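Colleague: Please take a close look at one part of this model for me. I would like to hear about the aromatic pairing and what it links, then the helix packing.

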Amino acid sequence: MSKEVEFKNRDRFIQLGLLIATYRKMRGLSQDQLAAEAHISRSHLSSIEAPNIVRSFSVEVLYNLADALNLKAGDLLNASLKQ
């Protein structure tokens with residue numbers, strides 16, 4: 001299975017990563033802290049949050065991040081950044 005993100009999903013992954021970063025900062029967590037709580041490496045979290053890197057990740061990681069942020073995974077998927 002390819003790790004490449006299809007072009008049609010590129011913006012979705014970027015927005016999801018930005019939302020994760022926003023919620024992390026709102027909760028006063030560092031990347032190290034959130035990564036530890038989500039059972040992933042800090043570098044993996046960094047690549048998820050980085051808007052210039054499009055990195056797909058598993059549903060398990062999504063659930064782990066949502067749990068660590070005290071959110072429902074669906075809330076992360078349905079939220080949007082208001083401009």
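**The aromatic pair and a helix crossing**

Modeller: Start with one ring. This is a predicted model, and in it F13 is partly exposed, with a relative accessible area of 22%. The cut-off for buried is under 20%, so F13 does not count as buried. F57 does: its relative accessible area is 15%, and F57 is therefore buried.

These residues belong together. The count of aromatic pairs comes to 1. The ring centres of F13 and F57 lie 5.8 Å apart, and their planes stand at 75 degrees, so the pair is edge-to-face. Planes over 60 degrees apart earn that label. The pair links distant parts of the chain. F13 sits in helix α1, residues 7–26. F57 sits in the loop between α3 (42–49) and α4 (59–68). The two residues are 44 residues apart.

Now to α4 itself. Two packed helices are described by the angle between their axes and the distance between the axes. Helix α2 covers residues 31–38. The axes of α2 and α4 come within 8 Å and cross at roughly 120 degrees. The two helices are therefore oblique to each other. The crossing of α2 past α4 is right-handed.

Which residues meet there? From α2 come L34, E37 and A38; from α4 come N64, L65 and A68. By class, this contact has 4 nonpolar residues, 1 polar and 1 charged.

Technical notes: Residues are numbered from 1 along each chain as its sequence is written. This is a predicted model: local features need pLDDT of at least 70, side-chain atom pairs count only at pLDDT 80 or more; totals for chains, interfaces and linings use all residues. Side-chain values use heavy atoms; hydrogens and water are left out. Rings of Phe, Tyr and Trp (its six-membered ring) pair if their centres lie within 6.5 Å; planes under 30 degrees apart count as stacked, over 60 as edge-to-face and the rest as tilted. Helices (H or I, at least four residues) and strands (E, at least two) are DSSP runs, numbered from the N terminus. Buried means under 20% relative accessible area, exposed over 50%, partly exposed in between (1.4 Å probe, protein chains only). Axes are lines fitted to C-alpha atoms, for helices over the stretch in contact, and angles run from 0 to 180 degrees between N-to-C directions. Angles under 35 degrees count as roughly parallel, over 145 as roughly antiparallel, 65 to 115 as roughly perpendicular and the rest as oblique. A crossing is left-handed if the near helix is turned anticlockwise from the far one by less than a right angle, and right-handed if clockwise. Contact means heavy atoms within 4.5 Å. Ala, Val, Leu, Ile, Met, Phe, Trp, Tyr, Cys and Pro count as nonpolar, Asp, Glu, Lys and Arg as charged, and the others, Gly among them, as polar.
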